[in-house]
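Good morning, everyone, and thank you for making room for this on the agenda. I would like to walk you through one structure slowly, for those who have not met it before.

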Amino acid sequence: MFWNKAMETISGPDLRTLQLKRLTWTVRQAEKVPFYQSLLKNAGIRSDAIRSLDDLVKLPFTSKKDLRLGYPFGSLAVPLTEVVRIHTTSGTTGKPTVVGYTRADLENWADLMARDLTMVGLGPGDVFQNALGYGLFTGGLGFHAGAEKIGMTVIPSATGNTRRQIEMIEDFGVTAVNATPSYAMRLAEVAEEMGAGLETLRIGTFGAEPWSENMRRELEERLGITAYDSYGMSELYGPGAAFECEEKNGLHFWHDSFLIEIINPETGEQLGPGERGELVVTPLVKEAMPLIRYRTGDITMILDDVCPCGRGQKIARIMGRSDDMLVIRGINVFPSQIEHVLLSLPEVGEQFMVYIDRIHHLDEMTIEVEVNRDYFSGELGDLTHVQKRVAGVLRDSLNLRTRVTLVEPGSLPRFEGKAKRVIDRRGDIW
Ligand code: DLL
């Protein structure tokens with residue numbers, strides 16, 4: 001099912017003509033922003049010199065740092081009188097990034113979300129429980145607008161009060177749930193504790209943090225749903241920029257609204273389809289806060305297979321952010337890879353924490369993982385064989401020796417929004 005078939009399936013010269021027109025418009029929009037004026041001047045390029053999409057590489061990259069320097073409103077290309085909404089990033093490392101939206105931005109964003117939700121088979125008659133944070137975080141309000149637009153019955157449940165969330169699913173006949181994958185896992189766990197069947201649920205849309213294929217399988221089984229990956233970031237409106245279709249084989253990145261590139265993060269050089277690197281995005285219709293070649297920090301690759309659904313450009317599931325990558329004794333590991341391995345082992349549950357320490361000048365990774373309830377007799381001491389097996393499988397899959405500590409079921413923290421599973425203690429020691 002399509003929401004905006006013309007735009008979702010536009011291809012060939014028609015698509016390229018549209019993209020070029022919109023790229024030129026975007027650069028013109030950026031020329032209204034002082035920091036872009038100097039970036040473009042230094043790069044020696046102006047909007048009227050853009051002749052083809054190949055000129056994209058002549059444009060400068062922008063990063064989160066550039067946006068932060070303009071805090072709060074320095075990245076806006078329109079006067080505040082035209083900004084009808086503001087969201088911000090969580091700003092865990094310094095000042096948050098402020099994102100402004102004109103009315104047209106909100107409409108475009110809602111249209112993308114409407115496409116996403118329609119693409120996975122949702123529509124009127126569905127009851128949609130939106131278990132993402134509402135507020136400055138873009139997740140809740142972003143999905144809300146698209147879900148209402150396509151005529152679903154929307155429950156703005158937000159996060160927390162998990163038993164009540166389960167009751168609502170049952171009482172209101174909820175057919176689709178939207179959450180972070182970590183919170184979805186928590187919903188599954190509490191539903192099982194409550195003995196709730198969740199018979200009406202059929203679809204889950206999950207995103208805002210990395211997750212793995214094994215996590216998808218686990219969520220599908222435990223919640224009785226088909227689970228879809230959803231990607232976005234505050235700077236690109238919020239959620240909705242890229243979403244899986246029913247093929248569940250890559251996320252369609254809306255090609256009429258975003259130009260995407262994959263680059264080698266060290267050299268900035270463009271990489272081809274199938275080559276993993278950093279995702280760089282140039283939104284094509286953003287009015288209040290235009291971006292040029294924005295370095296997302298997210299690691300993925302472009303997929304160039306022709307999707308049977310008829311839509312265009314696709315990326316692979318995001319492995320993580322370049323700054324989430326752990327380098328342990330020279331081996332690169334993403335937490336999503338650890339999750340994938342742990343979920344392949346029936347003896348342990350899906351909850352884990354990763355601690356990094358420096359011991360005798362060497363980096364050591366300790367993984368605490370909960371024993372699966374079915375394997376737990378009450379004594380962790382009986383489970384040395386499980387501990388050895390987990391460490392062995394992790395070593396074989398990640399090519400890395402780790403220390404594995406088994407902990408009791410239910411003892412590790414649960415997350416309602418984005419999970420924080422990695423604690424780097426190296427700085428504390430010296
Ligand atoms: O997380 C927007 C969003 C909300 C997306 C709800 C999907 C669902 P930010 O808080 O700005 O925005 O965080 C953006 O989250 O750069 C990625 O590192 C990560 N991320 C988002 N979606 C995925 C995903 C929202 N599906 C940052 N897989 C991004 C992996 C994701 N990482």
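I will begin with the overall build, go on to the ligand, and end with one helix and a few loop residues.

Please keep in mind throughout that this is a predicted model. The protein is built from 12 helices and 21 strands. Its radius of gyration is 22 Å, close to the 22 Å that the globule rule gives for 430 residues, so the protein is as compact as a globular protein of that length. If you prefer to think in terms of a box, the C-alpha atoms fill one of roughly 70 × 55 × 40 Å along the principal axes. Of the 430 residues, 53% are buried, and the accessible surface of the protein comes to about 18,400 Å², with carbon and sulfur atoms accounting for 50% of that surface. As for contacts with a separation of 6 or more, 66% of them join residues that are 24 or more positions apart.

Let me turn to the ligand. Which residues come nearest to it? There are 21 residues around the ligand, and the nearest are Asp 229, Ser 230, Ser 234, Asp 298 and Lys 418. Two of these names return when we look at individual atoms: an oxygen atom of the ligand is 2.6 Å from an N or O atom in the side chain of Ser 234, and an oxygen atom of the ligand is 2.8 Å from an N or O atom in the side chain of Lys 418. With Glu 209 the backbone is involved, since a polar backbone atom of that residue is 3.2 Å from a nitrogen atom of the ligand. Taken alone, the ligand would expose 610 Å², and the protein buries 93% of that area.

Where does this shell come from in the fold? Helix H6, residues 138-149, strand S7, residues 226-233, and strand S8, residues 238-244, each supply at least two of its residues, and the largest share, five residues, comes from S7. Sorted by class, the shell holds nine nonpolar, seven polar and five charged residues.

S7 and S8 also appear in the surroundings of helix H9, and I would like to stay with that helix for a moment. Running over residues 213-223, H9 has as its buried residues Asn 214, Met 215, Arg 216, Leu 219, Glu 220 and Leu 223. These buried residues pack against S7 and S8, and also against helix H8 (181-194), strand S6 (203-207) and helix H10 (335-342). Just after H9 comes Gly 224, which takes a positive phi of about 65 degrees.

Finally, some backbone details in the loops. In the loop between S6 and H9 sits Ala 208, whose phi is near 80 degrees, a positive value in a residue other than glycine. Is Ala 208 buried, exposed or partly exposed? Its relative accessibility is 32%, and because that value falls between the 20% and 50% limits, Ala 208 counts as partly exposed. His 360, in the loop between strands S18 (348-359) and S19 (362-371), likewise has a positive phi, near 50 degrees, but this residue is exposed, with a relative accessible area of 74%. The last detail is a cis peptide bond between Tyr 71 and Pro 72, with omega at about 0 degrees, and Pro 72 lies in the loop between helix H4 (64-69) and strand S1 (85-88).

Terms used:
Residues numbered from 1 in each chain as written. Heavy atoms only, no water. Near = heavy atom within 4 Å. Polar contact = N/O pair within 3.5 Å; in protein donor to acceptor, adjacent residues only side chain to side chain. Areas by Shrake-Rupley, 256 points an atom, 1.4 Å probe, with all protein chains shown as cover. Helix = DSSP H or I, 4+ residues; strand = E, 2+ residues; numbered from the N terminus. Nonpolar A, V, L, I, M, F, W, Y, C, P; charged D, E, K, R; others polar. Rg over C-alpha atoms; globule rule 2.2 N^0.38 Å. Buried < 20%, exposed > 50% of the residue type's maximum accessible area, 1.4 Å probe, protein only. Contact = heavy atoms within 4.5 Å.
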